[in-house]
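Here are some exercises to work through with the coordinates open beside you. Try each task before reading its solution.

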Amino acid sequence: PHQSHPLSHPPTLNQSNMKLSLTLLASAIAYASAKKNNPFAPKTTRNTRKAQMNAKLMANAKTLRRLDGEDEEQEVDLSGYSIKFEKCQFVKQYDGEEGGGGNEDVDTILSTKRFVIFRMCPDSSCSSCNYNYGEYIVDMDTYLEAALGYKEEVQEQYCETCNECYEKAAEAAEADDDAAEEDEDAWKCQNVDTSSCYAECQNIENMEENGYMDASEFTECQQLDYEDDYGNVYYAGAMCASSGSRIKIGIFTDEECSNYDETKDIENYMKNDDGYNMKLSYHLLKQTFAEGECVASCVVEEEENPNEDNGDDEKEAEINQMCEELYEASGKCESSHGFEQGIVDYDNYDNQVRNEELVCDFISSLKAGHYDQTGEIVVSGGRTTLGGGSTTSGGQKFALTFFILGSVGLAGYAAMLHSQLTKGAKADLSRQGGAMA
């Protein structure tokens, strides 16, 4: 018989259930950061993978495959899908190691896990994405590394093309029509609006001169160049905002970026090398959580000259590295959403197939709002801190007041009954004494 898993129910305050649920969650979800004996562990270091991604993100693609039937290898075709950001969520969980995972400076046994939920949506239904889609969860660092690498590559290519077209337009305006040479690459500029793209790319290139710093450079937790009068230092890192619909840069009091300091504004601590205050530009980062639209198509789009005959041969679609890495690294919830290209049976994915129900249940709990933006569990509209401190919700205050007043009322009623019984007993004794006399 089927037995429900602890994570299939909303979180409670029961300590043993919470520890068990979050421990199992860490085993089922944290694929990207698993140890080397885990089949989902990265084959290269983080820096190596990031450098490789930034160098050739939209090329260097490879085919994802699955086994269907009797070990027959078939492709997992993601060419008709696009990635859509759904939610970002922090979760505070029991670390499982004394002293907060071996860090002597940490005075709590809780650690903060960062997750991003995204979907693989059919290209034709990015706005709705209500059927034939897959839902996935991955750690936020992996998501941002892949998404920012992709967006940065797209931005570089966009501005490179824009600058070339701008220069060609300027040269053509200066040259006589008769003297102008025919440009074989002129087709690349047919759909480029140089009047708008050039100003945009100049703003990006001269960001620091204009008093801005790129927010995407602070997504990884890092110490700020600031120390207050008491010797306290602060850290900047990515965090969830607006109920998980956005990702922003926040200030934290620890080197793991787990303890968010809501009293401080990050821009008050941004300074350039000359000591001047700077503002954050979210131009690139905000493209990783586009609202109401997909973040990126999974197909590598190749430019083709419309004036050339490319033949009738259809080329095999190449999957860009962002989709490839996120699909491989994520926990998958596909069957319940009718995802047609999901894994059926694949050695490297057997754990994810067996744990799909667990993944689906946990994704549902994150979407249901069981955690606030700092990762603390939300109970009945109030906020309860796993570390031991808690604040009281309005409903809890009402119940507490009701029980206090009820207790006082019952105590008064009991005193009244006691008084009446005592007076009645004295009167009976007086009557009995008179009769005896």
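**Exercise 1.** Which atoms of cysteine 221 and cysteine 257 are 2.0 Å apart, and what do the two residues form? Then place both residues in the chain and judge their burial.

*Solution.* A note before starting: the model is predicted.

Step 1. The sulfur atoms of cysteine 221 and cysteine 257 are the ones 2.0 Å apart, and the two residues form a disulfide.

Step 2. The torsion about this S-S bond is about 85°, so the link of cysteine 221 and cysteine 257 is right-handed.

Step 3. Cysteine 221 sits in the loop between β6 (212-214) and β7 (222-227), while cysteine 257 sits in the loop between β9 and β10; the pair links distant parts of the chain, 36 residues apart.

Step 4. Cysteine 221 has a relative accessible area of 33% and is partly exposed. Cysteine 257, at 1% relative accessibility, counts as buried.

**Exercise 2.** How many disulfides does the structure hold? Work out the handedness of the ones that join cysteine 126 to cysteine 294 and cysteine 162 to cysteine 197.

*Solution.* Step 1. There are nine disulfides in the structure.

Step 2. Cysteine 126 and cysteine 294 are joined with an S to S distance of 2.0 Å. The value about their S-S bond is -105°, a left-handed link. Cysteine 126 belongs to the loop between β4 and β5, and cysteine 294 to the loop between β10 (279-281) and β11, 168 residues apart. Cysteine 126 is buried at 15% relative accessibility, and cysteine 294 is buried with a relative accessible area of 15%.

Step 3. Cysteine 162 and cysteine 197 are also joined at 2.0 Å, S to S. Their torsion is about 90°, so this disulfide is right-handed. The bond runs from helix α4 (residues 140-174) to helix α5 (residues 194-205), and its two cysteines are 35 residues apart. Both cysteine 162 and cysteine 197 are buried.

**Exercise 3.** What is the strand order of the open sheet of five strands? Find its edges and inspect one of its pairings.

*Solution.* Step 1. The order reads β11-β3-β4-β5-β12, and the pairing is antiparallel.

Step 2. The edge strands are β11 (296-297) and β12 (331-333); each has a single partner strand, so one side of each has no neighbour in the sheet.

Step 3. Between β4 and β5 there are six bridges, in the antiparallel sense. Phenylalanine 115 has aspartate 139 of β5 as its bridge partner.

**Exercise 4.** Is histidine 337 buried or exposed, and which side chains make polar contacts with the side chain of histidine 337?

*Solution.* Step 1. Histidine 337 lies in the loop between β12 and α7 (350-354). Its relative accessibility is 14%, so histidine 337 counts as buried.

Step 2. One polar contact reaches the side chain of tyrosine 133 at 2.9 Å. Another, of 3.1 Å, reaches the side chain of glutamate 135.

Step 3. Beyond four places in sequence, the contacts of histidine 337 are Tyr131, Asn132, Tyr133 and Glu135.

**Exercise 5.** What is the sign of phi at asparagine 132 and at serine 242?

*Solution.* Step 1. Recall the background: most residues other than glycine have a negative phi.

Step 2. Asparagine 132 has a positive phi, near 55°. This residue is in the loop between β4 (110-122) and β5 (134-139), and asparagine 132 is buried at 13%.

Step 3. Serine 242 also has a positive phi, about 50°. It occupies the loop between β8 (233-241) and β9 (246-252), and its relative accessibility of 42% makes serine 242 partly exposed.

Definitions and conventions. Residues are numbered from 1 along each chain as its sequence is written. This is a predicted model: local features need pLDDT of at least 70, side-chain atom pairs count only at pLDDT 80 or more; totals for chains, interfaces and linings use all residues. Side-chain values use heavy atoms; hydrogens and water are left out. Helices (H or I, at least four residues) and strands (E, at least two) are DSSP runs, numbered from the N terminus. Buried means under 20% relative accessible area, exposed over 50%, partly exposed in between (1.4 Å probe, protein chains only). Two strands pair if DSSP finds at least two bridges between them. A polar contact is a pair of N or O atoms within 3.5 Å; within protein, one must be able to donate a hydrogen and the other to accept it, and residues adjacent in sequence count only if both atoms are side-chain atoms. Contact means heavy atoms within 4.5 Å. A disulfide is a pair of cysteine sulfur atoms within 2.5 Å.
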